[in-house]
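Here is a short report on a predicted model. It covers side-chain pairing, surface patches and overall makeup.

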Amino acid sequence: MQSIRKTTVWIIPSGMRIARMSAGEMGSGAGKGGGGGGSIREAGGSFGRMEVAHEEEYFYKQRQEQLAKLKKQVINHEDFHSESIKHHEEAIARHKKAIEELKKK
């Protein structure tokens, strides 16, 4: 029998499209789950599934680190802008005071 491949197209926020072809469970042998991926995954079985689990865990941790860095960066931007607002308000107050002194003369 011929194997039937299902194609799923996902749209991710950046507008890029990713096509994912799958004919079975990831790590269950060569050509499944996006290609061979090395001798262990090609062999299939429990080692192949374990390798897939390790890869998924690695990418999950990588995404979590990226999100933490992004969150820290956003907080730093917020602090920077809050500090800038404070400095601008102080400058406005100084300039208003200088204008008032010039009007008195």
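K61 is partly exposed, because its relative accessibility of 47% falls between the 20% cut-off for buried and the 50% cut-off for exposed. Its partner is E57: the two form a salt bridge, with the closest N and O atoms 3.3 Å apart. E57 is partly exposed as well, at 40% relative accessibility. Both residues sit in helix α2. They are four residues apart, about one turn of the helix. The structure holds one salt bridge.

**Surface patches**

What forms the negative surface patch? The residues are E78, D79, E83, E89 and E90. D79 belongs to helix α2, which spans residues 45-104. With a relative accessibility of 46%, D79 counts as partly exposed. That value is over 30%, so D79 meets the accessibility cut-off for patch residues.

There is also a nonpolar surface patch, made by L67, L70 and V74. Its area is about 280 Å². L67 is in helix α2. Is L67 buried or exposed? L67 is exposed, because its relative accessible area of 51% is over the 50% cut-off.

The table collects the accessibility values for the residues discussed.

| Residue | Relative accessibility | Class |
|---|---|---|
| E57 | 40% | partly exposed |
| K61 | 47% | partly exposed |
| L67 | 51% | exposed |
| D79 | 46% | partly exposed |

**Overall makeup**

Now the protein as a whole. Its secondary structure consists of two helices and two strands. Read from the N terminus, the order is β-β-α-α. Helix α2 covers residues 45-104, and the protein has 105 residues.

How much of the protein is buried? Buried residues account for 7% of the 105 residues. The accessible surface of the protein is about 9500 Å². Carbon and sulfur atoms contribute 58% of that surface.

Contacts across the sequence can be described too. Take the contacts between residues at least 6 apart in sequence: 9% of them join residues at least 24 apart.

Methods
Residues numbered from 1 in each chain as written. Predicted model: local features only at pLDDT ≥ 70, side-chain atom pairs only at ≥ 80, totals over all residues. Heavy atoms only, no water. Patch = residues over 30% accessible without salt bridge, like charges linked within 9 Å, V, L, I, M, F, W, Y side chains within 5 Å. Areas by Shrake-Rupley, 256 points an atom, 1.4 Å probe, with all protein chains shown as cover. Salt bridge = Lys/Arg side-chain N within 4 Å of Asp/Glu carboxyl O. Lys, Arg positive; Asp, Glu negative; His and termini not counted. Charge placed at Lys NZ, Arg CZ, Asp CG, Glu CD. Buried < 20%, exposed > 50% of the residue type's maximum accessible area, 1.4 Å probe, protein only. Contact = heavy atoms within 4.5 Å.
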